[in-house]
Amino acid sequence: MNNTAIPLKERIIVALDVETPEQAKEIVKKCESRISFFKVGLQLFMGSWFETVDWLVDRGHKVMLDLKFFDIPETVKLAVEQVNSRGVSFATIHGNDPIIRAAVAARGDMQLLAVTVLTSFGEEDMRAMGMTQSVADLVYFRAKRALELGCDGVVSSGLEAGKLRRELGEKLLIVTPGIRPGANVQDDRDDQKRIVTAGMAIKSGASHVVVGRPITRAVDPMQVIEQMQQDIIASSR
Ligand code: C5P
């Protein structure tokens, strides 16, 4: 799919990283006039299981279920099967070839995204985990492999998105977290290390950006969304 064909309302995926379904619904109601794609991750899923997912789907929104499945292939396959009839649009997994193959075989109508390297990882974190490759090389290696194995896309930072788009083609979904409004400002760094602005990510070739705290913790979330969407329009290729 050509990125420009993706509706503006779906290009920012708002990460509902909150404790309860009530808090999540409040955020959704606040921004659904401009946003129609939401991410349910570990915190909210642990607190509400499928309640928020089902509510979002019933309300006509798209859902990215970000549980980053990683286990032996059979367990991942069975977990993906538990999700594939829920109306979820994107689900995340990671692992080696047999794990990814098992997930792909079980995905049903969902699109599967392979997590490459977390956006909270820098080079020093790679070394600390015994990895000798650079972040960029490992992201590219994993993305290429995931695509070859039948994944629909990857999760990568905006810093790697350009090469992935150039080398791996237009079809691949590139979903980019680590979005900060002023990505060159050191103060914006929290646990995220590989950060860019929404516009930079889109210009590099990201199909979607994932944004949590800059929107959910903003005094005026709609203003942040509006600015990011303007940035996305100006940066769309
Ligand atoms: O609050 P913030 O914008 O940093 O939220 C980013 C979201 O994207 C979080 O929910 C995090 O779990 C998720 N994510 C990420 N890096 C990845 C995959 C997912 O930050 N590689």
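I counted a residue as near the ligand if one of its heavy atoms lies within 4 Å of the ligand. The structure I consulted is a predicted model.

**Entry 1: the ligand shell**

I looked up which residues surround the ligand and found 16, with Asp17, Lys39, Arg180, Gly212 and Arg213 as the closest. Sorted by class, the shell comprises 7 nonpolar, 3 polar and 6 charged residues. I then traced the shell to secondary structure: β3 (62-69), β8 (208-211) and α11 (213-216) each contribute at least two of its residues.

**Entry 2: polar contacts and cover**

I next examined polar atoms beside the ligand. Asp17 places a polar side-chain atom 2.6 Å from an oxygen atom of the ligand. For Thr119, I noted a polar side-chain atom 2.8 Å from a nitrogen atom of the ligand. Gly212 approaches through its backbone: an N or O atom there lies 2.8 Å from a ligand oxygen atom. On its own the ligand has 470 Å² of accessible area, and the protein covers 88% of this. I also checked the location of the ligand, which sits in the largest pocket.

**Entry 3: aromatic pairs**

I searched the whole structure for aromatic pairs and recorded 3. In one of these, Phe37 and Phe90 form a tilted pair, with 5.0 Å from centre to centre and 50° between the planes. I placed Phe37 in strand β2 (residues 37-40) and Phe90 in strand β4 (residues 90-93). The two residues are 53 residues apart, and the pair thus links distant parts of the chain.

Notes
Residues numbered from 1 in each chain as written. Predicted model: local features only at pLDDT ≥ 70, side-chain atom pairs only at ≥ 80, totals over all residues. Heavy atoms only, no water. Polar contact = N/O pair within 3.5 Å; in protein donor to acceptor, adjacent residues only side chain to side chain. Areas by Shrake-Rupley, 256 points an atom, 1.4 Å probe, with all protein chains shown as cover. 1 Å grid on protein atoms, 1.4 Å probe; cavity = no way out; pocket = protein on both sides within 12 Å on 5 of 7 lines; lining within 4 Å. Sits in = over half its atoms within 2 Å of the grid points. Helix = DSSP H or I, 4+ residues; strand = E, 2+ residues; numbered from the N terminus. Nonpolar A, V, L, I, M, F, W, Y, C, P; charged D, E, K, R; others polar. Phe/Tyr/Trp six-rings, centres within 6.5 Å; stacked < 30°, edge-to-face > 60°.
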